[in-house]
Amino acid sequence: MNRPPAPAPLRPSSGQSKPQPSSTRPQSSLARPQSGSARPGKTSQPNRGQRNRGRGQHDHGRRGKRFNPITQASPVPLPPKPDALRVYALGGLEEVGRNCTVVEMGDDIVIIDMGLMFPEEGMPGIDYIIPDISCLRGKEKNIRGVIITHGHYDHIGAIPHLMPRLGWPVIYTAPLSAGIIRKRQEEYGNLQQLKIQVVKRADEKIRLGKNFVFEPFHVNHNITDAFGAAIHTPYGSVIATGDFKFDLDPIPPDLPADPMRLVAFGERGVLLLMADSTSASLPGRQISESVVSEELYGIVSKHNGRIIVGTFSSLLTRVQQLLSIAEKTNRKVLLLGRSMQSNVEIAHQLGYMKFRPGTIIDEEDLKRTDPSRLIIVCTGAQGEKNAALMRIANREHRTVQIEEGDMIIFSSSVIPGNERTVQSLKDTLIRQGAKVVHYANMDVHAGGHAKQEELKEMIKLTKPRYYVPVHGNLFLRYDNANLAEEVGITRQNIFLPDNGQIIEIDANGGKLLPEKYPIEYIMVDGLGVGDVSHIVLRDRLQLAADGMFVIIFTLERDTGRLIGSPDIISRGFVYIKEARELVEKARAKVKKILHDSDRRSPTFEEYTKNKIRDDIGQFLWSATKRRPMVLPVIIEV
Ligand SMILES: [Zn+2]
């Protein structure tokens, strides 16, 4: 995650490859991740999904009642009209994460957020996915600023990768977000090139080019210093809520969001509101952070043993709550997880977190601390492989092991897709004698995102002309769109674009253009950005699904004569000792192919390899109904 980036050319993770693997097996396991999640396939299918995008998918088939319009979009957008305002996303509309939105008019471009997304099933070995900025190529000089609404990775994570390619435009963000961005950039180098203008007051007005004035406004979220962005344009204000919720009783120093600011925007004319869809499917409101505090206090003060809390490293509000509770109940706090420790350090330095010296202890102090006087706050509540809680549960942690009577609090929601991992993590903990509390059985977590009533409130306060649900897959945005309709926005004025699809607004009003920018999945794998192509991913999936079958044979250089017998290595396919007969048959087939092929032909090597790949692949398939990767290796001596 934090490995420095290579100066690799940024290019789409694929583009030319065929959408499906060449496997002839119709129900290939390779097809599963692609058709199932549409992810790896996605990068190479600019027209992906069009067949599904027909009428009826979004409105149960009521003609003319569909949200505005979800039609086929051609991949080549026209250049913008000089007097038109364009809004489009480079990520974040077909997934949860990698949020990145562009607002463009004339020669002015403003980017809102630059996040990453964690990989999904079917992307083995990928660290994360970032927005596709290729449509900004050639327009770098027009970028007037990058507004970062808050310090979560799904909003800042792509900065180290994308900034160098955009010519280091100025970032406008709040102090804590700036601290987290700088800290992360340190690990990638180039810190001195990062230009950040810290926005100190949440009502500052900053001119960005000829056409835009940016004005942040404070919102509640589960990290301090989150703001929404109002971009005032000649046609009215474009408002991006960022991640937000309304909390009337947040944890100090956070304050409630000011509804009067939103009303004031509404009175001046909100052209377009882009609102957070993450929790748009959930009725009601988020519980207040102060309710969470009370619940956590109740649990901690009644429990007579060690407390271990699993949460997100960036959920600094929660960490603050636990620190305050520890001080009230005379406990010490051990923070496990490097990212959590560094976030707390930054927030503390900036005055966003308050705790007494000595409240936080080191791992070395652990032996001297009575377990009943201890709260361990750690990362890994999502079951992340290498995070602290996972290592503790698996008894792989250096200093902390689960003991009978430990109380484990999962103070976080479960990110969709992680359900099974989190369930088995809980099982593992319970088996070792721990008590487990989570948000479903107690109020130990409040989400950071507006639920339905809060979204409706946002719309009522700002009174936008156009409404664009953002952040999340279509089904989430669709739920959000329905809420907007409920509070009086007409369907024609609600847009559900895909990534890269352009909303264009001019004096005649707004519409979703039929053209779109192609937005690929840019995959970051270790040091490489965008260099893991669809083909690499396909190979990984094939290896994972069916293993490999390597055939090594040695030929005499001059005569092309086979020396000895071909060596066969199998990994993840069959255990060779138990499949001796199969291996022998394969070996005989290889010999026969070599015997039959013309060694004087200039294409001998290529022909032989292909023939072996095809014939042995076919043989193994008919014998085992598995399709391992067949790798012929020729050694000439
Ligand atoms: Zn967030």
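Begin by selecting strand 3, residues 108–112, of this predicted model: 4 of its 5 residues are buried, so the strand is largely enclosed by the rest of the structure. Keep strand 3 highlighted and add strand 2, residues 100–105, which runs antiparallel to strand 3 and is joined to it by 5 bridges. The two strands make a hairpin with 2 residues between them, and in the turn glycine 106 has a positive phi of about 55°. On the other pairing to display, strand 3 meets strand 5, residues 143–147, in the parallel sense over 4 bridges.

Now centre the view on valine 110. Across from valine 110, which belongs to strand 3, stands valine 103, while in strand 5 the residue opposite valine 110 is glycine 145. If neighbours within four places in sequence are left aside, the contacts of valine 110 are Val103, Arg144, Gly145, Ile147, Leu208, Phe212, Phe214 and Ile231.

Stay in strand 3 and move to isoleucine 112. Is isoleucine 112 buried or exposed? It counts as buried, because 28 C-beta neighbours lie inside 10 Å, and the cut-off for that class is 20 or more. Not counting residues up to four places away in sequence, isoleucine 112 touches Thr101, Val103, Ile147, Thr149, Ala229 and Ala240. A distance label drawn between the C-alpha atoms of isoleucine 112 and asparagine 99 should read 8.2 Å, the two residues being 13 apart along the chain.

Widen the selection next to the nonpolar core. The largest such core has 146 residues, and those with the most contacts inside it are Val110 and Leu322. Colouring by domain is useful here, since this core draws at least three residues from each of domain 1 (31–45 + 79–284 + 448–518) and domain 2 (289–438).

Turn then to the open sheet of 6 strands, whose order is 8-9-10-11-12-19 and whose pairing is mixed. Strand 8 (206–208) and strand 19 (466–470) stand at its edges with a single partner strand each, so one side of each has no neighbour in the sheet. On average, and with direction ignored, neighbouring strands of this sheet are turned by 20° against each other. At the strand 8 edge, select strand 9, residues 212–218, as well: the two pair in the antiparallel sense over 3 bridges, and arginine 207 has valine 213 in strand 9 as its bridge partner. Add helix 6, residues 259–268, which lies across strand 9, strand 10 (227–233), strand 11 (236–240) and strand 12 (270–276) and runs at about 145° to strand 11.

For the last stop, select the open sheet of 3 strands, arranged in the order 25-24-26 with mixed pairing. Its edge strands, strand 25 (562–571) and strand 26 (629–636), each pair on one side only, and the twist from one strand to the next averages 15°. Strand 24, residues 548–555, pairs with strand 25 in the antiparallel sense over 7 bridges, and leucine 555 stands opposite leucine 562 of strand 25. Which elements does helix 15 lie across? Helix 15, residues 580–596, lies across strand 24 and strand 25, at about 135° to strand 25. Helix 16, residues 604–624, also packs on the sheet, where it touches strand 24 and strand 26, its direction making about 145° with that of strand 26.

Terms used: Residues are numbered from 1 along each chain as its sequence is written. This is a predicted model: local features need pLDDT of at least 70, side-chain atom pairs count only at pLDDT 80 or more; totals for chains, interfaces and linings use all residues. Two strands pair if DSSP finds at least two bridges between them. Axes are lines fitted to C-alpha atoms, for helices over the stretch in contact, and angles run from 0 to 180 degrees between N-to-C directions. Two residues are in contact if their C-beta atoms, placed from the backbone, lie within 7 Å. A nonpolar core is a set of buried Ala, Val, Leu, Ile, Met, Phe, Trp, Tyr and Cys residues joined through C-beta atoms within 7 Å. A residue is buried if 20 or more other C-beta atoms lie within 10 Å of its own, exposed if 12 or fewer, and partly exposed in between; C-beta atoms are placed from the backbone. Domain bounds come from an automatic or database domain assignment.
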